[in-house]
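Biologist: Please take a close look at one part of this model, the packing of two helices. Kindly place that part in its wider setting as well.

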Amino acid sequence: MNSELGLGCWAFGDEYWSSSDSTYSHRETVRVIRAALRAGIAHFDTAQGYGNGVSEQVTGQQLRQIRRSVSIASKTYLRPASTVEQGIEKSLRRLCTDYIDIFYLHWPKPSQDLRPQIEALERARQKGYIRAIGLSNFSAPQIQPLLSAGQIDYCQFGYSLLWRTAELSLVPFCRKHNIRMVSYSSLAQGLLAHPPGWAESLPPEDPRHRLLFLQPEVSPRLQPILQQLWDYSRKIGITGAQLALAWNLSRPWNRYTLFGARRPSQVEECSQAGSIHLPPELIEKIDALTTPLLHLWPESENIFGHRP
Ligand SMILES: NC(=O)c1ccc[n+]([C@@H]2O[C@H](COP(=O)([O-])OP(=O)(O)OC[C@H]3O[C@@H](n4cnc5c(N)ncnc54)[C@H](OP(=O)(O)O)[C@@H]3O)[C@@H](O)[C@H]2O)c1
């Protein structure tokens with residue numbers, strides 16, 4: 001199946017995104033979802049934790065009339081296996097639906113046995129509550145022992161021009177086990193969508209200052225790469241965001257490329273990436289430019305430096 005863009009719904013009602021922009025409102029959220037539908041986006045990625053349920057709620061309300069023509073993914077943080085189904089029922093109510101297309105376990109805890117949680121998800125699948133099981137932010141060694149507990153259908157991980165570490169072992173592992181892949185933060189949370197140097201203009205309270213890309217020991221190394229990517233996009237008459245997303249979509253193993261947006265105009269711009277085919281020689285140049293970043297961070301790392 002071809003790769004496809006999906007709208008990330010994390011920003012809807014979530015403090016991470018609202019703390020630095022008080023103009024971002026519920027009304028704007030609704031306009032973003034409507035813009036995505038107008039642009040033909042048919043996959044929506046939310047989580048129980050985004051905005052403490054608000055994201056599921058607003059997404060579900062906007063999609064209820066056309067539920068059968070879109071796919072919805074949600075996620076749960078780790079919880080006791082006996083309460084997984086209860087959590088899914090809550091998500092179903094908030095999402096105004098009777099099934100969820102992909103349901104992810106979100107952020108593993110090292111050394112916790114999660115087979116009971118996978119078995120609980122399989123029971124939810126048998127009841128028709130969920131259609132596919134996903135793992136979010138799991139490494140290959142963390143997925144391996146779970147393969148005998150149920151069918152893992154999707155794996156979601158951070159992946160962008162600046163963060164390709166999944167290519168080292170997670171992507172080959174997923175390919176081997178027929179696990180479909182979903183990439184998040186494909187715009188490096190805005191870094192790839194703006195001219196180089198943009199991050200310096202972020203207000204001090206913006207949580208993106210904590211991203212690993214923006215740490216002083218790494219950031220100067222990224223600047224020439226960001227500049228070159230920006231120049232490539234200008235040269236072929238597309239925007240930085242479109243270049244970043246079109247490149248993600250060109251990965252043959254990628255099922256969904258997620259992007260987040262807080263403005264309808266951003267959705268309009270990003271969604272056009274779905275019809276941009278980067279010339280193979282440009283893809284080669286971009287690959288060569290960003291390959292040195294593969295080993296900049298350990299494979300076990302995530303862009304947030306988050307330790308669950
Ligand atoms: N599984 C996980 O752990 C996990 C983690 C992160 C994300 N995700 C999922 O992936 C989705 C997307 O990731 P993300 O939100 O982290 O990051 P992203 O898609 O890399 O970046 C989103 C941000 O990029 C900026 N942007 C978008 N379009 C733009 C445009 N055309 N021009 C300029 N700037 C633009 C916006 O920033 P401004 O709002 O500042 O303009 C937007 O909020 C999330 O919503 C969520 O569904 C999952």
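Modeller: The helix pair comes first, followed by the strands and the ligand shell.

This is a predicted model, in which local features need pLDDT of at least 70, side-chain atom pairs count only at pLDDT 80 or more, and totals for chains, interfaces and linings use all residues. Residues are numbered from 1 along each chain as its sequence is written.

Helix α4 (residues 84-94) packs on helix α5 (residues 115-126) at an angle of about 50°, and their axes lie 9 Å apart. Helices here are DSSP runs of H or I with at least four residues, and strands are runs of E with at least two, numbered from the N terminus. Axes are lines fitted to C-alpha atoms, for helices over the stretch in contact, and angles run from 0 to 180 degrees between N-to-C directions. The angle therefore makes α4 oblique to α5; angles under 35 degrees count as roughly parallel, over 145 as roughly antiparallel, 65 to 115 as roughly perpendicular and the rest as oblique. Val84, Glu85 and Ile88 of α4 make the contact with Gln117, Ala120, Leu121, Arg123 and Ala124 of α5, where contact requires C-beta atoms, placed from the backbone, within 7 Å.

Turning to the strands, a closed barrel of eight runs β1-β2-β3-β4-β5-β6-β7-β8 with parallel pairing; two strands pair if DSSP finds at least two bridges between them. Neighbouring strands of this sheet are turned by 25° against each other on average, direction ignored. Three bridges join β5 (residues 133-136) to β6 (residues 154-158), and Ser136 has Gln156 in β6 as its bridge partner.

How values were computed. Two residues are in contact if their C-beta atoms, placed from the backbone, lie within 7 Å.
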